[in-house]
Every structure is written in C-alpha cells, then in structure tokens.
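Here are two short exercises to work through with the model open beside you. Try each task before reading its solution.

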Amino acid sequence: MTWLYRLLRFLCKIVFWPLYRPAFVHRERLAQDGPFILVCNHRSIVDPIFLSTFLKRPVTFMAKSELKRVPVVGKGILMYGSFYVNRHTADITAIKKALAVLKKAGILGIFPQGTRVKDDVMGSLEEGVGFLAVKSGAPVIPVYMDARYKVFGRERVIVGEPLQFLVGKERSDSDLIAEATMKIAEALSKLFEERKQIA
C-alpha cells in the first residue's frame, strides 16, 4: 500500500463516514488473507473509492478504458492503483495485470456488469469475471451496495459468502467459465434479495 493510497483513503474516510454512514453486513468475510476477487454491483463512479475506503487491505480495481478521457477522473483512477481494461476486445494486457494482482495475494476489484446500472436488476455479467475466477483459482467474494449516496443517509453494503471455482479436467474451460459467471450473477442477485429484507 503506497503512501498516496493511504492518504487518499484517509481523506475519503473523513468525507464518507459522516455523510453516508456506511453499514456493513457480514463485513468479516472481507477480512480473509490471501488473494480474492471482489465483485460488486455498480451504480456510481464513486463506488470503487467508497468500497476500498473501508477495507483494511488495498483493492486494485479494473476500470473501463473509456474513463481515460474523463478529466481528473482518468488520472485519479491510476493514482488510486487501478488499471484500465478494454471491454470490447480480449484485453490481454489487462488480463495479465489482473492475474498478477492475484498472484501477489492481492485483492482484485471488478464490477462485472461492465458499466454503471441504475436499477436493481443484475442482468447478464461480462464473462471476464468468470474467466479470471477459473484461471486464477482465487475465491470470489460478492458484494451488494446501495450506492445511493444520499447525504446523511445510510449506505448499506452486504457481503456474500466466498465462492470457489475449481478447475476440472473433465470439463472444458468455456463450460467452467460460463458456469462461474452464472453462479456469480446468482450470488449478487441473492444479496439484492437479502438487502430488501433489511429496513
């Protein structure tokens, strides 16, 4: 964790804590050591900053390459330790960076919907998340966020149970990746249903 990451996280915590009063459910599931893939629904450009602010370990997020062109935000993403991925091609460079993060026992953050989605319908996910889960063998931890960011409201974050995808020689990679992607989508949808039961 670089000094710049620590500084930015500290400053964000000062702002986010009183304004949005984050409330985590099953936060202990994020406290495990070793590599894991953090997957989350995505409503706002603030999501990765908010989420990583309240984790003890640094998170390296994959960000869509279109954000490079956004003033301030484009460079800010790189300063926060994240990297870009081209969603419209097989971005080999981004895949190698993602696997390298996990190989070094880091946390890789992914918004598998591929873009910001304002409603609560998960829909289909990008299969890249399934690919990384299968190829790395790292656990996948699903997270659901309200991501409403209402001033002085209560921002709820629900953490699901870790998912593990083991590679079997009797099945093709494409089948394993498709199944992993489907199970991750189901886990995120389950968290949304759990959120509706919380007042």
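Helices (H or I, at least four residues) and strands (E, at least two) are DSSP runs, numbered from the N terminus. This is a predicted model, in which local features need pLDDT of at least 70, side-chain atom pairs count only at pLDDT 80 or more, and totals for chains, interfaces and linings use all residues. Residues are numbered from 1 along each chain as its sequence is written, and side-chain values use heavy atoms, leaving out hydrogens and water.

**Exercise 1.** Follow helix H1 to its end and describe its buried residues.

Step 1. Start at the end: Arg21 comes after H1 and has a positive phi, near 40°.

Step 2. Now look for buried residues (under 20% relative accessible area; exposed is over 50%, partly exposed in between; 1.4 Å probe, protein chains only). In H1 these are Tyr5, Arg9, Cys12, Phe16 and Tyr20.

Step 3. Find their partners: the buried residues of H1 pack against helix H2 (47–53) and strand S3 (59–64), with contact meaning heavy atoms within 4.5 Å.

**Exercise 2.** Which parts does the salt bridge between Lys135 and Asp173 tie together?

Step 1. Check the pair against the criterion, a side-chain nitrogen of Lys or Arg within 4 Å of a carboxyl oxygen of Asp or Glu. The closest N and O atoms of Lys135 and Asp173 are 2.8 Å apart.

Step 2. Place both ends: Lys135 belongs to helix H5 (residues 128–136) and Asp173 to helix H6, so the bridge ties together parts 38 residues apart in sequence.

Step 3. Lys135 is partly exposed, at 43% relative accessible area, and Asp173 is partly exposed at 36%.
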